[in-house]
Amino acid sequence: MTLSAITLLILGLGIVAYIAARTRAAAFATTHRAGSREIGQVHSRPNQHGWFVALWALTPALLLVAIWSVVDQGVIDARAIESVPAAQRPTTDLDRQAFLNEVRGVATGELQAAFDPNAERAAVVWRGAKNFSNLVVLGLAAALALAGAAYGLTRVRPDFRARPRVERFVMALLVLASLVAIATTIGIVGSLLFESWRFFTMVSPVEFLTGTVWSPQTAIRADQIGSSGAFGAVPLFWGTIFIGAIIAMIVAIPLGLMSAIYLTQYARPNTRRTMKPLLEVLAGVPTVVYGYFAALTVAPAVRDFALSIGIENASSESALAAGLVMGIMIIPFVSSMADDSINAVPQAMRDGSLAMGATTSETIRRVLIPAALPGIVGGVLLAVSRAIGETMIVVMAAGLAANLTANPFESVTTVTTQIVQLLTGDQEFDSPKTLSAFALGLVLFVVTLILNIYALRVVKRYREAYE
Amino acid sequence: MSSATAPLRAPTDWNSAAMQARIRNRYRSERLFRLAGLAALALAGLFLAFLLVSIGSKGLTGFQRTDVKLTVAFDPAVLGVPAGTRQPAVLQSANYQQLLDAAVAASIGPDADGIVSEGAWLKLRDALTENPALLGMRADLWVPATSDVDLLAKGIVDREAEMRSVSDRVIREYDRLQAAGVLRTGLNTTFLSMADSTDPELAGIWGAAKGSLLTLFVTLLISFPVGVLAAIYLEEYATRNRFTDIIEVSINNLAAVPSIIFGLLGLAVFLNFFGMSRSAPLVGGLTLALMTLPVIVISGRIAIKSVPPSIRDAALGVGASPVQVVFHHVLPLALPGILTGTIIGMARALGETAPLLMIGMRAFVADVPSGLANPATVLPVQIFLWSDDVQRGFVEKTSAAIIVLLVFLMLMNGIAIYLRNKFERRW
């Protein structure tokens with residue numbers, strides 16, 4: 001019996017407990033009413049009694065199954081490894097993982113046969129331990145569920161206050177759900193800090209933040225030449241800024257701003273209704289599609305253009321191609337932020353300017369945009385933070401060469417590209433190569449966080465100014 | 001102000017040539033500005049159209065495949081099975097490769113290398129296991145051609161090009177077979193029903209689509225209840241204090257964290273700390289759930305806030321408890337808005353690639369995943385993998401996979417818009 005089947009069984013027990021308690025409570029509720037005694041003597045509604053008993057039946061048993069499912073894997077795996085003669089046990093972590101995968105595959109019947117005869121034998125042990133463990137948890141969980149239901153049922157009486165207890169449980173659940181957000185934040189910060197700290201024990205933070213050579217090799221043998229690798233991340237930071245904050249913004253700011261101005265100031269309501277969804281579609285296209293388009297269509301076009309204007313070493317993975325497509329991806333974002341900011345400018349300012357005889361464009365350039373500027377700048381900062389965290393476009397179109405160049409036709413690499421590059425494929429979790437990805441992630445997280453907090457504050461202060 | 005102290009100034013002559021020129025200038029710049037706005041919008045629209053048309057035109061042929069007609073003699077001696085056997089197990093394990101080689105040599109000729117797909121023997125096996133009576137008989141079967149032949153049939157290969165991937169010999173054979181009428185191009189059922197393969201003609205999208213479904217199922221199962229409960233707490237019950245401020249700040253920040261950071265979290269916590277299996281939809285779904293959660297909480301709060309206070313007051317007035325007020329009255333009224341936000345969050349999760357690369361979902365998976373713990377890949381990652389492949393035949397497959405992904409996204413967004421229009425209430 002698998003854990004999911006056990007969970008279903010317990011849920012079934014919970015439903016039975018709910019129905020039993022509800023029927024019982026409904027019975028005394030009606031007798032009390034028929035006996036024309038005071039209605040205040042029955043405190044809670046029958047379904048509240050039902051919930052009370054069901055929660056008693058479900059909560060302890062489900063908690064047990066949840067904890068068990070986390071713990072038992074390790075115990076069973078350890079049993080399987082112990083069954084192998086000590087001399088033949090896998091030594092490294094990677095081998096152990098591979099061996100266990102084979103054992104599990106054979107034991108669950110996904111693999112027809114194992115290459116390793118030890119795995120074949122260990123699979124028998126694994127299966128036995130798994131069956132035993134499942135039987136134990138089935139017995140314990142069923143006993144807990146029955147005991148909980150029995151205790152709950154003894155409490156079901158006309159004067160029992162079931163509702164406040166159920167409601168307290170619901171409130172606890174609500175608080176718990178809100179805590180998930182905090183837990184996620186702590187998880188992100190904690191895991192990034194922990195792995196980065198391990199990285200910085202091997203590579204100095206100063207070298208990482210100021211070095212200009214990036215070649216994250218790790219040696220296969222310790223005595224290999226150039227085994228140390230170089231972890232100077234400045235070329236990556238430059239590439240990220242060059243693509244995300246310079247080229248992409250050169251495309252996105254004018255196009256986004258002008259389309260927002262046209263939509264808010266010039267377009268008739270009908271045009272606005274049809275054109276706004278168009279920008280939303282642009283925002284909804286998955287980034288991998290943009291990346292594919294950048295790599296397959298835009299990059300060759302950019303290279304041909306570079307060759308035609310006489311640039312010899314034009315790369316097919318240019319910063320320009322990635323930046324252009326990223327800029328287009330950001331247009332809807334800039335446009336909607338600018339839209340909000342312009343709309344927040346009081347109508348009186350616009351009317352005043354028009355009444356003085358200024359044309360619409362003069363009003364926009366001399367009155368609306370200066371008034372909306374803080375909001376627009378905040379929106380642009382948010383767009384920059386979105387652009388530098390964007391991954392797929394640069395992974396597919398920007399290349400891997402860590403060049404420190406301002407030539408848009410050359411290939412540069414970005415922080416996110418390198419994270420993907422470093423963490424895909426086989427990894428060892430104690431080499432600086434793998435851990436450097438977490439250090440890059442930490443830098444990215446901190447920078448986007450500062451940008452966001454600052455930008456949101458700017459936007460907020462701007463909105464308040466006109467309220 | 002008295003007129004005596006005002007500076008004397010001649011009234012502006014609006015009809016003078018200088019003034020007229022000035023006004024013309026101002027109107028011209030007005031027109032130009034307006035045109036620039038329209039041009040920006042048109043450029044964005046043009047780009048979208050270009051993107052869709054370029055992917056659509058490349059991708060539509062990906063749903064088609066070219067087959068070759070083979071005359072197969074199911075000779076028990078070639079297959080290595082006893083004559084007249086009907087046992088499925090024996091028929092399953094017969095030597096189909098040898099049978100295929102013999103059939104290709106007989107039907108196409110000695111020069112048939114690179115015409116028939118390497119996976120064509122599966123077709124022969126399926127035909128025989130479906131109808132064991134074929135043993136010892138001859139039958140005409142359509143089997144998949146190689147990607148080279150397929151590309152020739154669709155006219156994608158430039159025959160005149162100096163550097164082309166298809167050899168002269170295959171082109172010659174193709175022309176001969178085409179003239180003989182033993183080639184046909186039709187709907188590619190393999191693409192819609194199978195998983196990834198190293199050969200473009202045998203690769204399918206269903207494995208990745210099912211991986212996406214399983215992953216999204218986990219995401220929905222976790223992020224929807226947790227998100228809705230958190231939204232209810234923050235909007236209805238939380239008193240403003242330090243604790244709720246921290247929750248709000250972390251939700252708003254999580255909404256802006258780059259998605260790849262969630263991948264790093266999944267890698268460090270779910271894979272390395274909890275030791276869950278790589279490439280599994282369970283881990284992918286958990287990671288995406290954490291990413292989608294802020295979206296659902298924020299849209300949920302907006303939906304709950306839009307329910308007018310009078311509803312709450314009325315419910316409290318007739319004696320409902322605060323929990324009853326929310327779960328009996330506010331939540332049902334806010335549900336359409338919450339669902340709309342959830343679907344939009346799910347659509348974003350469906351298109352997300354980067355965090356899933358981090359947790360190993362870029363593995364080559366040749367089977368359709370059957371459970372939450374099996375190795376799987378998802379649609380956007382499959383697109384990424386195929387786009388990296390050097391084989392020419394994967395270009396149309398990539399575009400076709402993008403079409404599949406975009407169709408799913410349009411469906412989800414369509415449902416969200418429908419829900420919004422149908423149930424949205426103005427109070």
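In this predicted model, the crossing of helix α7 of chain A with helix α1 of chain B is left-handed. The two helices, which span residues 234-266 in chain A and residues 17-59 in chain B, pack at an angle of about 115°, and their axes lie 8 Å apart. The points below begin with this crossing, turn to the wider contact between the chains, and end with each chain and one residue of chain B.

**The helix crossing**

- From the side of α7(A), the residues that take part are Pro254(A), Leu255(A), Met258(A), Ser259(A), Ile261(A), Tyr262(A) and Tyr266(A), and they meet a set of residues in α1(B) that includes Arg34(B), Gly37(B), Leu38(B) and Leu41(B).
- Sorted by class, this contact of α7(A) with α1(B) is made of twelve nonpolar residues, two polar residues and one charged residue.

**The contact between the chains**

- Taken as a whole, the contact draws on 65 residues from chain A and 64 residues from chain B.
- On the side of chain A that touches chain B, helix α5 (residues 162-202) gives the most, with 19 residues.
- By class, that side of chain A has 41 nonpolar, 21 polar and three charged residues.

**Domains of chain A**

- The domain assignment splits chain A into domain 1 (3-160), domain 2 (162-202) and domain 3 (230-465).
- When the centres are taken over C-alpha atoms, domain 1 of chain A and domain 3 of chain A are separated by 49 Å.

**The build of chain B**

- Chain B contains 17 helices and three strands.
- For the 427 residues of chain B the globule rule gives 22 Å, but the radius of gyration is 32 Å, well over that value, so chain B is more spread out than a compact globule.
- Along the principal axes, the C-alpha atoms of chain B fill a box of roughly 120 × 80 × 40 Å.
- Of the 427 residues in chain B, 45% count as buried.
- If one takes the contacts in chain B between residues at least 6 apart in sequence, 76% of them join residues that are at least 24 apart.

**A residue to look at: Ser279(B)**

- Ser279(B) sits in the loop between α11 (259-273) and α12 (281-305) of chain B.
- The phi angle of Ser279(B) is near 65°, which is a positive value in a residue other than glycine.
- Ser279(B) counts as buried because it has 23 C-beta neighbours inside 10 Å, and the cut-off for a buried residue is 20 or more.

Terms used
Residues are numbered from 1 along each chain as its sequence is written. Chains are lettered from A and ligands numbered from 1 in the order in which they are written. This is a predicted model: local features need pLDDT of at least 70, side-chain atom pairs count only at pLDDT 80 or more; totals for chains, interfaces and linings use all residues. Axes are lines fitted to C-alpha atoms, for helices over the stretch in contact, and angles run from 0 to 180 degrees between N-to-C directions. Helices (H or I, at least four residues) and strands (E, at least two) are DSSP runs, numbered from the N terminus. A crossing is left-handed if the near helix is turned anticlockwise from the far one by less than a right angle, and right-handed if clockwise. Two residues are in contact if their C-beta atoms, placed from the backbone, lie within 7 Å. Ala, Val, Leu, Ile, Met, Phe, Trp, Tyr, Cys and Pro count as nonpolar, Asp, Glu, Lys and Arg as charged, and the others, Gly among them, as polar. Domain bounds come from an automatic or database domain assignment. The radius of gyration is taken over C-alpha atoms; the globule rule is 2.2 Å times the number of residues to the power 0.38. A residue is buried if 20 or more other C-beta atoms lie within 10 Å of its own, exposed if 12 or fewer, and partly exposed in between; C-beta atoms are placed from the backbone.
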